[in-house]
Each structure stands twice: as structure tokens, then as C-alpha cells.
Amino acid sequence: MKIEIIPCLQDNYSYLIIDEKKKIACVIDPSESDPVIKYLEDNKIDLKFILNTHHHYDHVGGNQKLKKIYNASVVGFEGDKHRIPEIDIVVHDQQNWKYENFEAKIIHIPGHTLGHICFYFYNDKSAFTGDTLFSLGCGKIFEGTYSQMYESLKKIKELPDDTKIFCGHEYTLNNSKFCLTHDQDNKHLKNKIIEIQKKLQNNLPTIPSTIKEELECNIFLKANNVETFSKLRDLKDNF
Ligand code: ZN
Ligand code: FE
């Protein structure tokens, strides 16, 4: 399966998961429809599903138009069926969602919002973490508790080391500065920052990251109790 990164809005990423043989795709978190439509039309691919990690407008903004044009089905968490626009199919925690060659495990990861989920495409070793785990950071806690967010990150941490992480925003450089402030002697982090800067200078996304890199470099994943995690989250909010 091919994964195409579609930059949207200011700093959002939507992702297309493409079955190249069948010329069909799923889109994860279409912030807006136009860039997604452009890619699909240029490459003559039909859109089958719209998968939403959570209900925020910068993740569902393209739902309505994409559904109308492609007759695609919107997939979202059962607890968010009242606030994900145009939702057709509800999924629940630990469910395996399947359609032809698309296969993802649903992992409920509350904290940023109460209905946030991760789509883990295990055959492709890829996890779509929305606004919960960012590269070198994590999402703000808007609806859940610190302990919910801590537990949600723990679930993501348990995925295999070589899992690719596709998150909702290009926040990596700013996140790296916060990590460095609290982890000044981390060689892995310093090397990753050099890579990040190179990519950004060439106008390339810093995504995907991997679980291995995040475990080595992401200060929020290094916190091994909820107290340390909460302190870091508060400091980051004022960074
Ligand atoms: Zn969000
Ligand atoms: Fe967002």
C-alpha cells in the first residue's frame, strides 16, 4: 500500500492510503478537500473511505465535499457519532476495520479529545496518530485528563519499534526545541534535529517518524509516570 502525504491548511497533514493495483484509496483526516481532490484526479484514483481520528475542524473539514464527489463513506469513533460530520460507519476500541486490502486496528486514545482514535494499519506498519502523538511531542489536553493522555501514549508506545508514525501536524521543529531544553545530552535527539532541519530546508515533511525514534527522542514518551508527564505538558503549554 502506498501512503501519500497531502499538506493542508497551515501545517496540517492529510494522508492517502492507496491500493495502487485497484486504484482506490482511503483518506485520513482531510482538513480540506481541494488538495486531496487534486491528487486523486491527477492520479486517477477513486476515494472509498474517509477516516477521522477526531472531530476537530482541521481534521474533518473536507468530509462533506469528498463524500459528495466520491460517494465515500466516513468512518469515525462510536462516541463521536454526534460530532463527526457525515459519519456513516462507527468503529470501537480494539476493532479490526477491514475493506478489501485496507486493514486497520482501531485504538481508542482519549486525552486531546475524548473520542480520539488511532488507525493502526498493521500490514503496512503504519499508525495514524492524529493530534495525540506528534513527532517529538504530544497533543494538548482539551477534553481528557492528564492520566488519560498518559495512558493513550502508553498504548502507542507499545506498538512495534519499526511502526511508522503519521501525525496530524508539522510541529516537529518546534517540538524538538522543547525536547532539547529538557534532554540536552541526548545524541539521538541531536542527530534527529539535524535531519529535521535538512528536510524542512528542502521543503519536505519531517513525517513519518518511527516508534523507535520517538522512544529515543520524544521527552513525553520518556516520562515514566503521570506526574512527570503532567509537569512536562504544563511546561510545553507555556513554551
Ligand atoms: Zn485536534
Ligand atoms: Fe489538529
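## A two-metal site and its surroundings

Biologist: In this predicted model, how far apart are the iron ion (ligand 2) and the zinc ion (ligand 1), and which residue coordinates both?

Modeller: Happy to start there! The two ions, iron (ligand 2) and zinc (ligand 1), sit 3.3 Å apart. The residue that coordinates both is Asp131.

Biologist: Nice. Which residues coordinate the iron ion (ligand 2), and at what distances?

Modeller: Two Asp residues take part through OD, namely Asp58 and Asp131, and two His residues through NE2, His59 and His169. Along the chain these donors follow the spacing D-H-x71-D-x37-H. The site links distant parts of the chain, with Asp58 in helix 2 and His169 in the loop between strand 13 and helix 5, 111 residues apart. So that the list is complete, the donors are Asp58, His59, Asp131 and His169, at 2.1 to 2.3 Å.

Biologist: And which protein donors does the zinc ion (ligand 1) have?

Modeller: Their spacing along the chain is H-x1-H-x55-H-x18-D. His56 is in the loop between strand 4 and helix 2, while Asp131 is in the loop between strand 10 and strand 11, so this pair ties together parts 75 residues apart in sequence. The donors lie 2.2 to 2.3 Å from the zinc ion (ligand 1), and they are His54 (NE2), His56 (ND1), His112 (NE2) and Asp131 (OD).

Biologist: What arrangement do the 4 donor atoms make around the zinc ion (ligand 1)?

Modeller: Let's go by the angles. Four donors count as tetrahedral if all angles lie between 85 and 135 degrees. Around the zinc ion (ligand 1) the angles run from 88 to 170°, which makes the arrangement irregular.

Biologist: What about the 4 donor atoms of the iron ion (ligand 2)?

Modeller: Here the donor atoms subtend angles of 84 to 166°. With that range, the arrangement around the iron ion (ligand 2) is irregular.

Biologist: Is His59 buried or exposed?

Modeller: His59 lies in helix 2. Its contacts beyond four places in sequence include Asn12, Asp29, Ser31, Asp131 and His169. Because its relative accessibility is 0%, His59 counts as buried.

Biologist: Moving on to Asp183, which side chain of opposite charge is nearest to it?

Modeller: Asp183 lies in the loop between helix 5 and helix 6, and its side chain makes a polar contact of 2.9 Å with that of Asn186. Asp183 is buried yet has no salt bridge. A salt bridge needs the nitrogen and oxygen within 4 Å, whereas the nearest side chain of opposite charge is 4.2 Å away, and it belongs to Lys222.

Biologist: Which residue meets Glu213 in a salt bridge?

Modeller: Glu213 lies in helix 7 and its partner in helix 6, so the pair ties together parts 21 residues apart in sequence. Glu213 is partly exposed at 24% relative accessibility, whereas the partner is buried at 7%. The side chains meet at 2.7 Å, N to O, and the partner is Lys192.

Biologist: How many residues apart in sequence are the parts that Glu100 and Lys22 tie together?

Modeller: These side chains meet in a salt bridge of 3.2 Å, N to O. Glu100 is in the loop between strand 7 and strand 8, and Lys22 in the loop between strand 2 and strand 3. The parts they tie together are therefore 78 residues apart.

Key
Residues numbered from 1 in each chain as written. Chains lettered and ligands numbered in written order. Predicted model: local features only at pLDDT ≥ 70, side-chain atom pairs only at ≥ 80, totals over all residues. Heavy atoms only, no water. Helix = DSSP H or I, 4+ residues; strand = E, 2+ residues; numbered from the N terminus. Buried < 20%, exposed > 50% of the residue type's maximum accessible area, 1.4 Å probe, protein only. Lys, Arg positive; Asp, Glu negative; His and termini not counted. Polar contact = N/O pair within 3.5 Å; in protein donor to acceptor, adjacent residues only side chain to side chain. Donors = N, O, S within 2.8 Å, 3.2 Å for Na, K, Ca; no water. Tetrahedral: all angles 85-135°; square planar, octahedral: opposite > 155°, others 65-115°. Contact = heavy atoms within 4.5 Å.
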